[in-house]
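The following note is intended for a colleague who has not yet examined this structure. Its points proceed from the whole chain to individual residues.

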Amino acid sequence: MTQATAKATTGTSQRIVVLADNETATGYRLAGAQVVEATPADAQAKLEDLIVSGRYGLVAVDTGLIADPATSTARIMRGRDLPIILPIPSLSDAFSTEQVDAKAYMGKLVRETIGFDIKL
């Protein structure tokens, strides 16, 4: 069965990919995610390649690579519904010199995402 036939019989398959730095990529791979590694210097070009490929429904972007991926891709996303560009906080945000309490930072992210605190 060719790839075109497979898509025709199963519908359009949309995949998820994470654009992350080398250090963070390992964690996403261990979680089972498909990862594309990048550096701040080549992240924008790799993100645009992921968008143009048409293979992904969601592209999660480490904000340590591109601070505002939605704004940086506005031109190339014009007229496209997919992929959804999802900024994800970088590890450097949690462990920066301004953020001394990583646990408080993660709690803040959870609170902002789901609307309440979870304490374990």
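1. Accessible areas here come from the Shrake-Rupley method with a 1.4 Å probe, and for residues only the protein chains shown count as cover. On this basis the chain has an accessible surface of about 8000 Å², 58% of which belongs to carbon and sulfur atoms. The model is a predicted one, in which local features need pLDDT of at least 70 and side-chain atom pairs count only at pLDDT 80 or more, while totals for chains, interfaces and linings use all residues. Residues are numbered from 1 along each chain as its sequence is written, and side-chain values use heavy atoms, with hydrogens and water left out.

2. The chain contains seven helices and four strands; these are DSSP runs numbered from the N terminus, helices being H or I of at least four residues and strands E of at least two. Read from the N terminus, the order is α-β-α-β-α-β-α-α-β-α-α.

3. Strands β1 (residues 15-20) and β2 (residues 34-37) run parallel and are joined by four bridges, where pairing requires that DSSP find at least two bridges between two strands. Within this pair, Val17 stands opposite Gln34. From β1 the chain passes through α2 to β2 in a right-handed β-α-β crossover; right-handed means that, with the strands pointing away from the viewer, the path from the first strand over the helix to the second runs clockwise.

4. Both ends of the connecting helix merit attention. Asp21 caps the N-terminal end of α2 (residues 22-30), with a side-chain oxygen 3.1 Å from the backbone nitrogen of Glu23. Just after α2, Gly32 adopts a positive phi of about 95°.

5. Of the 120 residues, 28% count as buried, that is, under 20% relative accessible area, as against exposed (over 50%) and partly exposed (in between), with a 1.4 Å probe and protein chains only. A nonpolar core is a set of buried Ala, Val, Leu, Ile, Met, Phe, Trp, Tyr and Cys residues joined through side-chain atoms within 4.5 Å. The largest such core has 15 residues, and Leu19, Leu47, Val59 and Val61 have the most contacts inside it. At least two of its residues come from each of β1, α3 (43-53), β3 (56-62) and α5 (74-77), with α3 giving the largest share, four residues. A second, separate core of six residues includes Ala20, Ala25, Val35 and Ile88.

6. Contact means heavy atoms within 4.5 Å. Among contacts between residues at least 6 apart in sequence, 57% join residues at least 24 apart. Not counting residues up to four places away in sequence, Leu47 touches eight named partners: Leu19, Val59, Val61, Ile66, Pro69, Ser72, Thr73 and Ile85.

7. Which residues does Ile88 touch, apart from those up to four places away in sequence? They are Val18, Tyr28, Ala60, Val61, Asp62 and Thr63. Ile88 lies in strand β4 and counts as buried because its relative accessibility is 14%. Leu86 also belongs to β4 (residues 84-88), but counts as partly exposed because its relative accessibility is 38%. With the same sequence neighbours left aside, Leu86 touches Leu58, Val59, Ala60 and Val61.

8. Beyond β4, Ser90 occupies the loop leading to α6 (91-94). Ser90 counts as buried because its relative accessible area is 4%. Apart from neighbours within four places in sequence, Ser90 is in contact with Asp62, Thr63 and Gly64.

Notes. Polar contact = N/O pair within 3.5 Å; in protein donor to acceptor, adjacent residues only side chain to side chain.
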